[in-house]
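Visitor: I would like to learn how to read a protein model feature by feature. Could you take me through one, giving the general idea before each case?

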Amino acid sequence: MDNRARDGILPRMKSDFDILIAGGGLNGPVLALALADAGLRVAVVDAQPARARAADDFDGRAYALALGSQRILSAVGVWPALAARAQPIRQVVATQGHPGEGSGIALRLDSAEIEEGPVGQMIEDRFLYRALQAGMAGRVTVIPATRIERHDPDATGVTAHLSDGQRLRGAVLIGADGRGSGTAARAGIRRTGHGYQQTALVAAIDHELPHHGTAYQIFLPTGPLAILPLPGNRSSIVWSERAESARAIEALDDAGFLDVLRPRFGDFLGRITLAGPRFSYPLGLTLAESYVAPRMALVGDAAHGIHPLAGQGLNIGLRDVAALAEVLTDAYRRGEDPGAADVLDRYQAWRRFDDTNMALFTDAINTLFSNDNMILRTGRSMGLGLVNAIGPLRRRLMRQAAGLTAPGGGALPRLMTGKPL
């Protein structure tokens, strides 16, 4: 048998599918698996080479998966391969402070207060990516190292023209190709938003003392610092700094980087050292003005980009995926055209409001906390303390963070509730 066919890679020919997906990172494969399990024929066109992100070496990149997102991964069959490598998030602690000063605990969310268990799980990018790639083998047609250069919608479907000369035909094209989505750009969809003049510095840290499964969000005047637990005495950090300061910190060697980090990090986990490479990326708010166009829909970062302070970027992308999978599957089973405008509009009506609310919420929190105004500082402490003192409010916030309730009060997709499509 031809190796390309055996690996699920399409030979050079025109083929028909129900669903075409641009983007093979995380959201695209999860959507592909959900739709394939429902009986649809799915092709994923991935600009990256096969196994490009599946290296064995630890690099520190990781995600905080809400419980609702974990349920989605269980539903598509990949969570069993990840469970042993995940770190449960048992508590979330929010504080505010200054570098070099102690930060008093203002808000503590403890998963023991809800019956469903840990509010989320930390999982490394390399393990999640590999599990999704393995899950697609034999279930989804994957075309790696190839881009969609043009797509032509018409009354009965959409034709995608690939960079290697192939043409694919499907009922609908899904853009899961990130913030610089070529799918959205070709459809003429504009984006609104603004930059934060902040840069996220990302790294993994080894520390002397155990974290006990606690995730910390430390609000500093220059931007928030997230400390997220990984297996063992190790944590992932997402450190937001003003862009000019971040450039200077990036230029430091590892020892200099740690010298700047330590007073911000504190000593509550003992001595800290770097556990891998460092990464950085600029921060901004961006929203697509529409999630749909003729024969096309957007999910994940192709539709929205938010501040990482709440760790919700991948989670709201997976909510998009779960909602779109449900809309398309239900339409398919009713004999509707899954690429019809009224079908895609159901998806947009379901998700765009909640995504916008989350984007505006994180935008407001970052604006409120990323300053050293004494009046605001006092008000922030009082507000966090009040939430901490009111049990029902604290538990409601925890259930939303876990993805157990929809931010706008609407219905959750079935995959997020543990129900099959």
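Visitor: Let me start with one residue: where does H212 lie?

Guide: Helices (H or I, at least four residues) and strands (E, at least two) are DSSP runs, numbered from the N terminus. H212 lies in the loop between β14 and β15. Its phi is near 55°, a positive value in a residue other than glycine. Before we go on, please note that this is a predicted model, in which local features need pLDDT of at least 70 and side-chain atom pairs count only at pLDDT 80 or more, while totals for chains, interfaces and linings use all residues. Residues are numbered from 1 along each chain as its sequence is written, and side-chain values use heavy atoms, with hydrogens and water left out.

Visitor: Is H212 buried or exposed?

Guide: Buried means under 20% relative accessible area, exposed over 50%, and partly exposed in between (1.4 Å probe, protein chains only). H212 has a relative accessible area of 58%, so it is exposed. Q197 also has a positive phi, near 55°, without being glycine. That residue lies in strand β14 (residues 191–207) and counts as exposed at 61% relative accessibility.

Visitor: How should I read the confidence, and what is the mean pLDDT of the protein?

Guide: pLDDT is the predictor's confidence in each residue, from 0 to 100. The mean here is 88, and 87% of the residues reach 70 or more. Over residues 1–13 the pLDDT is below 50, and this stretch has 22 contacts in the model beyond near neighbours in sequence. Contact means heavy atoms within 4.5 Å.

Visitor: Now the sheet: in which order do the 6 strands come?

Guide: Strands of a sheet pair through backbone hydrogen bonds, either parallel or antiparallel. The criterion used is that two strands pair if DSSP finds at least two bridges between them. In this model 6 strands form an open sheet with mixed pairing, in the order β9-β3-β2-β13-β21-β20. β9 (141–143) and β20 (292–293) stand at the edges with a single partner strand each, so one side of each has no neighbour in the sheet.

Visitor: What does β3 pair with, and in which sense?

Guide: Strand β3 (residues 42–45) pairs with β9 in the parallel sense over 3 bridges, and A43 has T141 of β9 as its bridge partner. Strand β2 (residues 19–22) also pairs with β3 in the parallel sense, over 4 bridges; there, A22 is partnered by V45. For the side chains, V42 and V44 point one way from β3, A43 and V45 point the other way, and all are buried.

Visitor: Which residues have the most contacts inside the largest nonpolar core?

Guide: A nonpolar core is a set of buried Ala, Val, Leu, Ile, Met, Phe, Trp, Tyr and Cys residues joined through side-chain atoms within 4.5 Å. The largest one has 64 residues, and those with the most contacts inside it are I19, I21, L82, V140, I174 and Y347. Helix α8 (residues 313–333) gives the most to this core, with 10 residues. A second, separate core of 33 residues includes V119, A226, L283 and L287.

Visitor: How many aromatic pairs does a search of the whole structure find?

Guide: Rings of Phe, Tyr and Trp (its six-membered ring) pair if their centres lie within 6.5 Å; planes under 30 degrees apart count as stacked, over 60 as edge-to-face and the rest as tilted. The search finds 4 such pairs. In one of them, Y216 and F268 have ring centres 4.6 Å apart and planes at 55°, so this pair is tilted. It links distant parts of the chain, 52 residues apart: Y216 is in strand β15 (residues 214–220), and F268 is in the loop between α7 (254–265) and β18 (272–274). F265 and F268 form a stacked pair, 5.7 Å centre to centre with 10° between the planes. Ring pairs thus join Y216, F265 and F268 into a cluster.

Visitor: Which of these rings are buried, and which partly exposed?

Guide: Y216 counts as buried at 18% relative accessibility, as does F265 at 1%. F268, at 32%, counts as partly exposed.

Visitor: What surrounds strand β15, where Y216 sits?

Guide: β15 runs parallel to β6, joined to it by 6 bridges, and Y216 is the bridge partner of V93. Of the 6 residues of β6 (residues 91–96), 5 are buried, so that strand is largely enclosed by the rest of the structure. Q217, also found in β15, counts as buried at 12% relative accessibility. Leaving aside neighbours within four places in sequence, Q217 is in contact with V93, A94, T95, P224, L225, A226, L309 and A310.
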